[in-house]
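Let's take a walk through this one together, starting with the overall fold and working inward before coming back out to the surface. Keep the viewer open as you read.

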Amino acid sequence: MKKIELYLPDAAATKALGAALGRLLRPGQTVLLGGELGTGKTLFTQGAAEALGVDGSKVNSPTFQLLNIYRGSEGREMGHFDLYRLERNEELEEIGFGEYCESGAVCFIEWADCFPDLMPEYHVTVRFTREGQGRRAVIEGKGAAEEAAVAALAREVAACGS
Ligand SMILES: Nc1ncnc2c1ncn2[C@@H]1O[C@H](COP(=O)(O)OP(=O)(O)OP(=O)(O)O)[C@@H](O)[C@H]1O
Ligand SMILES: [Mg+2]
């Protein structure tokens, strides 16, 4: 499993990392976002959205809707889930979560850790923790294409950081 760890000194770094991953994702891929309240999951998703051709300012926490769907450029679709307020597996099944993840949209799922059994088998995981004034992000890929995306992200970050 390919894994990278990065320190994000400020909010702009979180958004830029999201954009970098967004550029590497293919239709149908899923990103599971973990981390306590207010650690940067939505901001990361905004960065990724812009890379997919969605107006990032339209992307906010879908806590009350559970799912927001955005149309990007070149026919790309993006789904943004926030599972914070969900309590039972059945609720997720009722909103067609599994089917949507298979639909070809690029999916970003906040609070994915709450429903580990229902997440797509292959995914990129991004976990945020607070560190000083900034955040630490740990990114892993599960599945060949997802590991390749994380490896490409690692190369890009190394090139930018040097
Ligand atoms: N690397 C960073 N350094 C400092 N502040 C950051 C960093 N990344 C994000 N933030 C700030 O953290 C705050 C919360 O961000 P965001 O809403 O994306 O978190 P979240 O994880 O989606 O929260 P929630 O769990 O409530 O959905 C924002 O004010 C954002 O600017
Ligand atoms: Mg959020």
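How many helices and how many strands are there in the protein chain? Bear in mind that we're looking at a predicted model. The count comes to five helices and seven strands, and if you trace them along the sequence you get the pattern β-α-β-α-β-β-α-α-β-β-β-α. The radius of gyration is 15 Å, close to the 15 Å that the globule rule gives for 162 residues, so the chain is as compact as a globular protein of that length. Along the principal axes, its C-alpha atoms fill a box of roughly 45 × 35 × 30 Å. Look at the contacts between residues at least 6 apart in sequence, and 66% of them join residues at least 24 apart. As for burial, 37% of the 162 residues count as buried.

Now for the inside. The largest nonpolar core has 36 residues, and the ones that touch the most other members are Val 31, Leu 33, Cys 107, Ile 109 and Val 126. Helix α2, residues 41–51, gives the most to this core, with five residues. Pick out Cys 107 and leave aside its neighbours within four places in sequence: what's left in contact with Cys 107 is Thr 30, Val 31, Gly 79, Phe 81 and Cys 101.

Helix α2 deserves a stop of its own. Is α2 mostly covered or mostly open? Mostly covered, with 10 of its 11 residues buried. Among the buried ones are Leu 43, Phe 44, Ala 48 and Ala 51, but also Lys 41, Thr 42 and Gln 46. What do these buried residues pack against? Quite a list: helix α1 plus strands β2, β3, β4, β5 and β6. Just after α2, Gly 53 takes a positive phi of about 90°.

Two of those strands, β3 and β4, run antiparallel and are joined by five bridges. One pairing to find on screen is Ile 69 with its bridge partner in β4, Gly 79. β3 and β4 form a hairpin with five residues between them, and Glu 74 in the turn has a positive phi of about 55°.

Next, the ligand. Which residues are closest to ligand 1? Ala 11, Thr 14, Gly 40, Lys 41 and Thr 42, out of 17 that surround it. Helices α1 and α2 and strand β7 are the elements that give two or more residues to this shell. So Lys 41 and Thr 42 turn up twice on our tour, as buried residues of α2 and among the closest to ligand 1. Sorted by class, the shell has five nonpolar, eight polar and four charged residues.

Strand β7 also holds Val 138. This residue counts as partly exposed because it has 15 C-beta neighbours inside 10 Å. Val 138 touches Lys 3, Glu 5 and Arg 127, not counting residues up to four places away in sequence. Measure across to Ile 4 and you'll cover 134 residues in sequence but 5.7 Å in space, C-alpha to C-alpha.

Let's finish on the outside, with Asp 117, in the loop between β5 and β6. Why does Asp 117 count as exposed? Because it has 5 C-beta neighbours inside 10 Å. From Asp 117 to Asn 89 is 28 residues in sequence and 8.8 Å in space, C-alpha to C-alpha.

Key: Residues numbered from 1 in each chain as written. Chains lettered and ligands numbered in written order. Predicted model: local features only at pLDDT ≥ 70, side-chain atom pairs only at ≥ 80, totals over all residues. Core = buried A, V, L, I, M, F, W, Y, C linked by C-beta atoms within 7 Å. Buried ≥ 20, exposed ≤ 12 C-beta atoms within 10 Å, placed from the backbone. Helix = DSSP H or I, 4+ residues; strand = E, 2+ residues; numbered from the N terminus. Contact = placed C-beta atoms within 7 Å. Near = placed C-beta within 6 Å. Nonpolar A, V, L, I, M, F, W, Y, C, P; charged D, E, K, R; others polar. Rg over C-alpha atoms; globule rule 2.2 N^0.38 Å. Pairing = 2+ DSSP bridges.
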